[in-house]
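Open the model in a viewer and keep the selection tool at hand. Each stop below gives a selection and then says what is found there.

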Amino acid sequence: MTDIALSFRHADGAMRSDLTRCLDFMNGTPFFRRYKQESWDALLISGNSSILDVACGIGFDVIELARRFPDANVYGLDPSLGFLDLARRRAQGLANARFVGGDSRRLPFSDNCFDAVRIDRSLQHISAPIEALREMVRVTRKGGRIVVAEPDWGTFFVYNGDLASGAKIAGFWEKSFANPYIGREAGILLQQCGVASIDCRAQALVVRSGEAAEIIFDLGRVTENCVAAGVLTRDEAEGWRLATEAACRSGAFLACLTIMLWDGSIP
Ligand SMILES: C[S@@+](CC[C@H](N)C(=O)[O-])C[C@H]1O[C@@H](n2cnc3c(N)ncnc32)[C@H](O)[C@@H]1O
C-alpha cells in the first residue's frame, strides 16, 4: 500500500526509480523552475557564499546553484545514497558542488558555517520538522538566510467532474505525508526557531494533463490504495478512472496545489 509520497521517507527502497522519474519530470516543468528560481533569489547569494540544500534529492538545485554561482560553495544533504550517487554523477566537473549523506534532524556541519540554507518539498515527509528547522538555523551564520518551499496539501484538488470521489482521493493521499499542512505551518515553526524578518509568498501548481498529474500525484496507485483501504468501492474507482479519461479528452481535467515559499534571516 505504498505510494510516491510514502516512499520519499525512505527513498532507497523499491520505488527509487519511480521517485527519480517523478523528480526529473517535475524539475523539467516551467512551474517548478519558476518557484525554485524565486527560492534561489530569496537566498540572497553573493559571489563566494556557502550554501546548503537540505534534502537535496538528486541534486537539481545544488547543480543549478553551483553553475550559476561558480565562486560559491554549494552543499547538498540527503539520506538517500542512491539519490546522492546520481547527484554526484550529474555534478561531475562542478568542483563547487558537494554532496553529503545525512538526516536533516542531525546535520553533520558545525554551527554558523553557511550563509544560506534551503529546504524544498521535503519537510512534508520528515517527522518532527521543527528539529530539521532548528538544525538549519544552527548551521546558518548571523545575518544568513533560511528559505523553505513546501506544499500545503490542504489546498490540493483533482477535478474531473466527480467531486465526491475527488474529495475522498485527495483526503486519502494527504495522509501519506508526515506533515500535509507544513506549507501553512512553516512560518510559525521558523518563528519558534528564532528566524526573523519572515516573509511568505505562494505559487499555485496547475496541472491540466492527466499524464503529468499521474506522474506528480501518483493518481492511479493512490486510487487503487483507496479501494484497498475501503475509501472507494471498486465501482467508484472505475467511475473515477472513466471520468478522468473523459475530462482529459474534453480539456476539463484539472489538478491544483499551492506551494508556500517562506524566507527569513538569522538575527
Ligand atoms: C520530494 S523530494 C525533494 C528533493 C529536492 N529537494 C527537490 O526539490 O527536488 C524529498 C527528499 O527528502 C529526502 N528526505 C526524506 N527524509 C529525510 C530526512 N529525514 N532528512 C533529510 N532528507 C530527507 C528524500 O530522500 C528526498 O530526497
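How do the residues of the shell around the ligand divide into nonpolar, polar and charged? The model is a predicted one, and in it the shell holds 9 nonpolar, 5 polar and 5 charged residues.

**Stop 1: the ligand shell**

Select the ligand and the 19 residues around it. Those that come nearest are Ala55, Gly57, Ser104, Asp120 and Ser122. Stay on Ala55, which lies in the loop between E1 and helix H4 (60-68). Its backbone deserves a check: phi of Ala55 is positive, about 60°, although the residue is not a glycine. Ala55 is also buried, because 25 other C-beta atoms lie within 10 Å and the cut-off for a buried residue is 20 or more.

**Stop 2: the nonpolar core**

Next, go to the largest nonpolar core, which has 74 residues. In soluble globular proteins, nonpolar side chains tend to be buried together. Select Ile51, Val62 and Val148, the members that touch the most other members of this core.

Now keep Ile51 alone and show its contacts beyond four places in sequence. They are Leu43, Ile45, Leu65, Ala72, Val74, Tyr75, Phe114, Asp115 and Ala116.

**Stop 3: the loop between H3 and E1**

From Ile51, step to its contact Leu43. Leu43 sits in the loop between helix H3 (30-41) and strand E1 (50-54). Is Leu43 buried or exposed? It has 23 C-beta neighbours inside 10 Å and therefore counts as buried. Apart from residues up to four places away in sequence, Leu43 touches Ile51, Ala116, Arg118, Arg145 and Val147.

Select Ser46, which is in the loop between H3 and E1 as well. Here the count is 11 C-beta neighbours inside 10 Å, so Ser46 is classed as exposed. To place Ser46 in the model, draw a C-alpha distance to Leu77: the two are 31 residues apart along the chain and 21 Å apart in space.

**Stop 4: helices H7 and H10**

For the next stop, draw a C-alpha distance from Leu43 to Val222; it spans 35 Å, with the two positions 179 residues apart in sequence numbering. Val222 belongs to helix H10.

Show H10 (residues 219-228) together with helix H7 (residues 163-174). How do these two helices pack, and at what angle? The angle is about 95° and the axes are 10 Å apart, so H7 and H10 are roughly perpendicular to each other. On the H7 side the contact is made by Lys168, Ile169, Phe172 and Trp173, and on the H10 side by Val222, Thr223, Asn225 and Cys226. By class, this contact comprises 5 nonpolar, 2 polar and 1 charged residues.

Return to Val222 within that contact. With 20 C-beta neighbours inside 10 Å, Val222 counts as buried. Its contacts beyond four places in sequence are Asp3, Ile169, Phe172 and Trp173. Add Met1 to the selection: its C-alpha atom is 8.6 Å from that of Val222, although 221 residues separate them along the chain.

**Stop 5: strand E6**

Finish at Ser197 in strand E6 (residues 196-207). Ser197 has a positive phi, near 50°, and is a residue other than glycine. Is Ser197 buried or exposed? Ser197 has 10 C-beta neighbours inside 10 Å and so counts as exposed, whereas Ala55, at the ligand, is buried.

Definitions and conventions. Residues numbered from 1 in each chain as written. Predicted model: local features only at pLDDT ≥ 70, side-chain atom pairs only at ≥ 80, totals over all residues. Core = buried A, V, L, I, M, F, W, Y, C linked by C-beta atoms within 7 Å. Buried ≥ 20, exposed ≤ 12 C-beta atoms within 10 Å, placed from the backbone. Contact = placed C-beta atoms within 7 Å. Near = placed C-beta within 6 Å. Nonpolar A, V, L, I, M, F, W, Y, C, P; charged D, E, K, R; others polar. Axes fitted to C-alpha atoms, helices over the stretch in contact; angles between N-to-C directions. Helix = DSSP H or I, 4+ residues; strand = E, 2+ residues; numbered from the N terminus. Parallel < 35°, antiparallel > 145°, perpendicular 65-115°, else oblique.
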